[in-house]
Amino acid sequence: MSNQNKPPENKDPDNMKFDFNKNKFALFFLLSLIVMFVLLFMVSENGSEVEIPYSVFLSYLEQGEIDAVKILDNNEIRGTLSGSTSSEYTVFKTIIPYYDDNLMIQLREKGVKITGGAKALSVGQIVLELLPWLLFVGFFWFMLRQFQGGGNKAFSFGKSRAKKYHPEQESITFADVAGQDEAKYELTEVVEFLKTPTKFTNIGAKIPKGVLLVGMPGTGKTLMAKAVAGEAGVPFFHMSGSDFVEMFVGVGASRVRDLFDQGRKNAPCILFIDELDAVGRTRGAGYGGGNDEREQTLNQMLVEMDGFDTKTGVIIIAATNRPDVLDPALLRPGRFDRQVVVDLPDVREREAILNIHAKKIPLDKNTNINRIAKATPGMSGADLANLINEAALFAARADSKTVGIEHLEEARDKLLMGIARKSKIISLEDKTATAYHEAGHALLHYHVKNTDPLHKVTIIPRGRALGMAISLPDKESYSKNKSWLLDRIKITMGGYVAEEIIYGETTTGTQNDIQQATNIARRMVTEWGMSDSLNFISFGQEEEPIFIGKEIARHKDYSEETAMRIDEEISKILDSSLEETRKILTTNLDQLKLIALELVDKETLDDHDIKILIGMEHEPSVGDKTE
Ligand code: ADP
Ligand code: MG
Ligand code: ZN
């Protein structure tokens with residue numbers, strides 16, 4: 001048990017070393033195998049008996065030289081010759097090649113002593129028979145030893161293997177978790193209880209046994225659970241749902257039992273079960289048939305939770321990003337009856353998270369973290385932590401002493417779009433074409449009313465994109481109105497139209513833009529009731545996605561005629577947007593060319609650069625100029 005308190009890293013290296021104790025057994029096993037084979041060969045050389053052909057046997061018989069025979073049940077005869085013969089041997093054996101009717105008669109005529117019997121097993125034969133069994137048992141034993149990973153851990157197979165964190169050892173508190181105020185608020189009660197349980201039990205209040213943290217991956221669920229333990233100053237046992245699941249039936253259940261035993265022994269404490277959905281999926285709904293092992297594990301968990309008295313001061317916290325697949329029994333009162341949602345951070349929370357992680361790196365003094373926070377919508381806490389780390393790597397690669405805004409931006413772009421392919425050699429022609437395309441997207445930002453400001457436009461290829469124009473929302477908004485969407489379609493069409501105007505034809509580089517624009521238009525018509533003739537109605541129920549973020553099929557719940565009208569409406573939106581985009585870009589052709597040429601030159605332009613370029617903002621005065 002003591003080894004469980006150590007971090008698990010201590011376990012692995014000694015598994016890799018040549019452990020003599022463990023391998024002694026293997027050696028012994030191999031040796032005994034060799035000895036057995038040698039024995040086998042020696043014994044099978046049974047020298048005392050001479051095997052003779054049946055015909056020779058018959059002639060001995062006719063001459064009356066046979067004294068006695070023993071007829072075995074495997075058509076073998078063993079016999080002795082009478083002393084009068086001239087041969088060198090007296091004991092022989094022979095095989096009866098066919099069923100011989102006359103044999104008995106002849107034997108009796110000659111007065112031979114006859115006995116019968118079962119085939120006698122030689123030592124060699126015994127070994128041969130036992131060998132597979134020995135191999136099997138030996139192999140099994142060996143495997144078991146391997147699993148247990150050494151003598152002192154014998155029979156630890158059903159142990160929970162929970163990682164234990166002591167509060168002194170690794171103190172994470174709520175201060176380390178940025179934002180998530182609601183979740184913190186809900187969990188404060190748990191902290192209070194763990195600190196002073198009597199305060200609650202005296203008054204007869206019931207404390208939740210289990211708290212389920214629900215949220216997308218990387219939103220800080222694990223961090224939050226650790227912070228609860230840190231705040232309360234109690235031990236924290238961490239185990240992942242998948243750790244329970246093993247290939248042997250019953251192991252999971254016994255691990256659950258062990259985890260809860262540990263909890264009881266170490267109370268007050270927190271048992272944290274990460275990825276609860278790995279064990280807690282609805283029973284009887286397993287993919288690819290039922291899974292007895294998982295069900296047993298889940299049942300055991302339910303039983304343990306029921307048999308648990310909150311007075312003991314053990315709180316079970318679990319985390320999942322799929323609360324919808326959990327077995328309803330888990331969510332009943334007395335089990336995980338409290339759910340705490342851990343959300344993706346909004347812009348203020350993102351700034352706070354970035355600030356927490358930026359403390360660990362030498363940040364340039366006048367870095368505007370807020371700018372990065374604004375530029376990372378949809379990123380989780382884990383993504384942001386990663387972003388800071390990537391930025392530090394970029395800074396180190398550039399031999400910079402501090403991490404500046406350029407490194408942070410670079411890291412953001414890398415996480416969002418893949419690493420910049422700066423080394424790719426692009427011909428001036430291609431570069432110019434890309435510049436016109438991106439300039440088309442960029443310029444539209446300044447000639448439509450309802451859009452987010454442009455952040456930057458670049459023709460440095462990233463991932464599969466040849467270039468891109470990124471806009472940045474001023475403020476976080478969760479819904480968009482029709483004008484915004486229509487303008488978004490125009491911006492998306494900007495690249496295509498620019499190519500059309502400049503070159504008279506378009507390229508395959510517009511595929512993604514066309515897809516995006518069509519997609520927005522389709523959803524405006526079928527989901528958001530934003531078309532002229534088909535208003536308040538939703539078409540094509542989306543089927544419940546099985547995995548988050550993946551659209552599966554759509555039901556077609558409308559007639560052919562409606563389908564035609566939908567298509568018409570979509571075309572109408574797209575056609576009128578295209579027309580307007582053309583108008584905007586042709587009337588501002590000089591600006592388009594300005595931006596494109598500047599892009600070819602500088603490769604990346606931001607909002608400010610473009611505003612100056614197209615005369616929407618004036619260049620700041622450059623001090624005293626004498627010319
Ligand atoms: P989850 O368990 O929800 O998948 P984690 O708790 O493992 O996410 O988060 C991964 C990492 O992301 C954390 O170790 C931390 O560095 C960072 N992180 C996530 N959310 C936050 C937050 N709210 N404040 C600070 N750091 C966070
Ligand atoms: Mg986690
Ligand atoms: Zn484009």
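Analyst: Let us begin with a term: a polar contact is a pair of N or O atoms within 3.5 Å, and within protein one atom must be able to donate a hydrogen and the other to accept it. The model we are reading is a predicted one.

User: What does the side chain of Ser-577 reach, and how do you know that this is a polar contact?

Analyst: The side chain of Ser-577 reaches the backbone oxygen of Ile-573 at 2.8 Å, and because the limit for such a pair is 3.5 Å, this counts as a polar contact.

User: Why is Ser-577 called buried?

Analyst: Its relative accessible area is 2%, and since buried means under 20%, Ser-577 belongs in that class. Ser-577 lies in helix H20 (residues 560–587), and, not counting residues up to four places away in sequence, it touches Leu-486, Ile-489, Lys-490 and Met-493.

User: What makes His-437, His-441 and Asp-513 donors of the zinc ion (ligand 3)?

Analyst: Their atoms, NE2 of each histidine and OD of Asp-513, lie 2.0 Å from the zinc ion, and because donors are N, O and S atoms within 2.8 Å of this metal, they qualify. The pair His-437 and Asp-513 links distant parts of the chain, with His-437 in helix H17 (residues 428–444) and Asp-513 in helix H19 (residues 511–526), 76 residues apart. Both His-437 and Asp-513 are buried.

User: How many aromatic pairs does the structure hold, and why is the one formed by Tyr-54 and Phe-57 called stacked?

Analyst: There are 5 aromatic pairs. For Tyr-54 and Phe-57 the centres lie 5.6 Å apart with 25° between the planes, and because rings pair within 6.5 Å and count as stacked under 30 degrees, the name fits. These two residues are 3 apart in helix H3 (residues 54–62), so about one helical turn separates them.

User: What makes the pair of Tyr-436 and Tyr-503 edge-to-face?

Analyst: Here the angle between the planes is 90°, at 6.2 Å centre to centre, and because over 60 degrees counts as edge-to-face, that is the class of this pair. Tyr-436 sits in helix H17 and Tyr-503 in helix H18 (residues 482–503), 67 residues apart.

User: Why is Tyr-503 called partly exposed?

Analyst: Tyr-503 has a relative accessible area of 40%, and because the class covers values between 20% and 50%, it is partly exposed, whereas Tyr-436, at 8%, is buried.

Key:
Residues numbered from 1 in each chain as written. Chains lettered and ligands numbered in written order. Predicted model: local features only at pLDDT ≥ 70, side-chain atom pairs only at ≥ 80, totals over all residues. Heavy atoms only, no water. Donors = N, O, S within 2.8 Å, 3.2 Å for Na, K, Ca; no water. Helix = DSSP H or I, 4+ residues; strand = E, 2+ residues; numbered from the N terminus. Buried < 20%, exposed > 50% of the residue type's maximum accessible area, 1.4 Å probe, protein only. Contact = heavy atoms within 4.5 Å. Phe/Tyr/Trp six-rings, centres within 6.5 Å; stacked < 30°, edge-to-face > 60°.
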